[in-house]
Amino acid sequence: MPVLFISEVKYLGGPSLDFIEVAVTTGTDVSNIQVVIYNANGTIRSTNPLGSIVSTLDGKDVYVIDTATSATFTGLGKSNAVALVDNGTVNSFISFDDRPPVTATTGPADGMTSTQIGQAGGGRSLETDDDGASYFTQSNPNSGTIPCFTPGTYIATPIGKRLVEDLAAGDLIITRDNGLQAIRWVGCKKISGARLFANPHIHPVQIDKDALGPERPSHDMMVSPQHRIVIDDDAASKIYGSPEILVPAIALLANEKIAKANVKSTTYIHLLFDHHEIIFANGIETESFHPDKMIMNGLDRSVQDEIYAIYPELRSGTMASGYGPTALPALSVTEGRHLANIIWGHRDAKFDMVS
C-alpha cells in the first residue's frame, strides 16, 4: 500500500495565502485522491483534486493545493476540517487550532469526527515529519525545493568578492549580522537538462542587475527557486510585522526583472555555516543554506551523511529546532507572491493583514 498523508497545512492567512500539502509514495496514481474541506457545521466547503506534482522528496511525491493550483480551493479557516480521501475512503480527517472537532454530515467523511492536530497561529503552519502520526508548528511554512546558488555568483569575503564555485569549507565570509563566519560545508549538485525538463519546479530563477534597486544585484544572477532573498519594504512591515523578510526567489516574479532562467542545465551550490546567516551575493542580501527537515529529505543520502557528520544533533528531533531558526522571518511561496504583487504588481492593492 502506498504511503499517503497530509504533510502540512497553512491556515489563517486568507485564501491567497493558505495551502494544504499532501505527500504520497513516488509514482502513485493520484487521480482518485481528493482533499475535501469541511465547514464547522459538517457541510462541505470545497472538494479539491491533487493536481500536479510540486516536488519529489525522500521517495514521496508532494502536491500542494492552494488558489494557484486548484480552481476549487477557497482557503482554509481555523474552524474547518480536512479529509484526505482515496477512491472514496477517508485516509485521514484532521482539524486544528483550538476549535472543537468537526463532525461531518455529508460527503465521504459523513458521520466521522475530525482529529485535532494542534495550533499554528498566524504566519505559521502545522507540519509532520513522521508521515502524519503527529504534527508540529512550523514557523517557516514552505512547500518547495532546496535553496542554493548557481556558479557565477560573487560572494562577499574579507579579501573581496569571490565566485561561489571557488569557495571551500573553512573560508571566511562576510555575514550581515555576525561578522566573519567560516563556511562549515559546501555542497554541489549538477542538474542536467533532462532533469530540469522533467522537474520544472527546480528550474533556476534569474534576478537581473538592478532588479531590487541600483546595483542590487550588481550583476545578473541565478538561484534555485526556493533560495530566499531579503526584501526590505514598508509592505512587509504592514502585512507581516517585520521591515525585512526572507522571500523565495520564485515568489518574486511580479518584478519584471526577475524570471525563470532560460538555461538547459545548471549546478546548485549550498553554503552551510554554524547558524543560518544573511550573506551578500552580487551585492544583495540573501540566505545561507538552512537544513530543516523538508530540505534535508530532498538531498541525496550521501549528502545528508556529510551534513550529519558535521552536525550529528540534527539526526534527532525536528531539523529546524536542531539547527536553529532562520536569520529573519521567512515567507512561504504563496505569502511571498502576495507581497511581491503588492510591491511590484499592484501598488494600490489593499493590505491583507495576517491575524
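How many disulfides does the count come to in this structure? The count comes to zero disulfides. The structure is a predicted model, and the report below describes its cysteines, one helix, one sheet and several loop residues.

**Cysteines**

A disulfide requires a pair of cysteine sulfur atoms within 2.5 Å. The sulfur of cysteine 148 has its closest cysteine sulfur in cysteine 188, at 9.5 Å, and therefore the two are too far apart for a bond. The same distance applies in the other direction: for the sulfur of cysteine 188, the closest cysteine sulfur is that of cysteine 148, 9.5 Å away. The surroundings of these residues can also be stated. Cysteine 148 is buried, with a relative accessible area of 1%, whereas cysteine 188 counts as exposed at 57% relative accessibility.

**Helix α6 and lysine 10**

Helix α6 comprises residues 333-345. A straight helix of 13 residues would span 18 Å at 1.5 Å a residue, but α6 spans only 16 Å between its end C-alpha atoms. Which residues of α6 are buried? They are Val333, Thr334, Glu335, Gly336, His338, Leu339, Ala340, Ile342 and Ile343. These buried residues pack against two kinds of element: the strands β1 (4-10), β19 (228-232) and β20 (244-248), and the helix α2 (234-240).

One of the strands in that list, β1, contains lysine 10. Lysine 10 is buried, and its relative accessible area is 0%. Its side chain is joined to the side chain of glutamate 335 by a polar contact of 3.5 Å. Glutamate 335 is itself among the buried residues of α6.

**An open sheet of five strands**

Five strands form an open sheet, and their order is β4-β3-β7-β8-β9. The pairing in this sheet is mixed. At its edges lie β4 (44-49) and β9, each of which pairs on one side only. In general, strands of a sheet pair through backbone hydrogen bonds, either parallel or antiparallel. Strand β3 (residues 33-38) and β4 run antiparallel and are joined by five bridges. Within these two strands, glutamine 34 stands opposite proline 49 of β4.

**Residues in loops**

Several loop residues deserve separate mention. Asparagine 87 is not a glycine, yet it has a positive phi of about 50°. Aspartate 210, also not a glycine, has a positive phi of about 70°. The table gives the location and accessibility of these two residues and of proline 100.

| Residue | Loop | Relative accessible area | Class |
|---|---|---|---|
| Asparagine 87 | between β7 (81-86) and β8 (89-95) | 57% | exposed |
| Aspartate 210 | between β17 and β18 | 27% | partly exposed |
| Proline 100 | between β8 and β9 (115-116) | 60% | exposed |

Proline 100 can also be placed relative to another part of the chain. Its C-alpha atom and that of asparagine 80 are separated by 9.8 Å, and the two residues are 20 residues apart along the chain.

Where is proline 217 found? Proline 217 is found in the loop between β17 (205-207) and β18 (221-223). The loop between β17 and β18 also holds aspartate 210. The peptide bond from arginine 216 to proline 217 is cis, with omega near 0°.

Terms used
Residues numbered from 1 in each chain as written. Predicted model: local features only at pLDDT ≥ 70, side-chain atom pairs only at ≥ 80, totals over all residues. Heavy atoms only, no water. Buried < 20%, exposed > 50% of the residue type's maximum accessible area, 1.4 Å probe, protein only. Helix = DSSP H or I, 4+ residues; strand = E, 2+ residues; numbered from the N terminus. Expected span 1.5 Å × (residues − 1). Contact = heavy atoms within 4.5 Å. Polar contact = N/O pair within 3.5 Å; in protein donor to acceptor, adjacent residues only side chain to side chain. Pairing = 2+ DSSP bridges.
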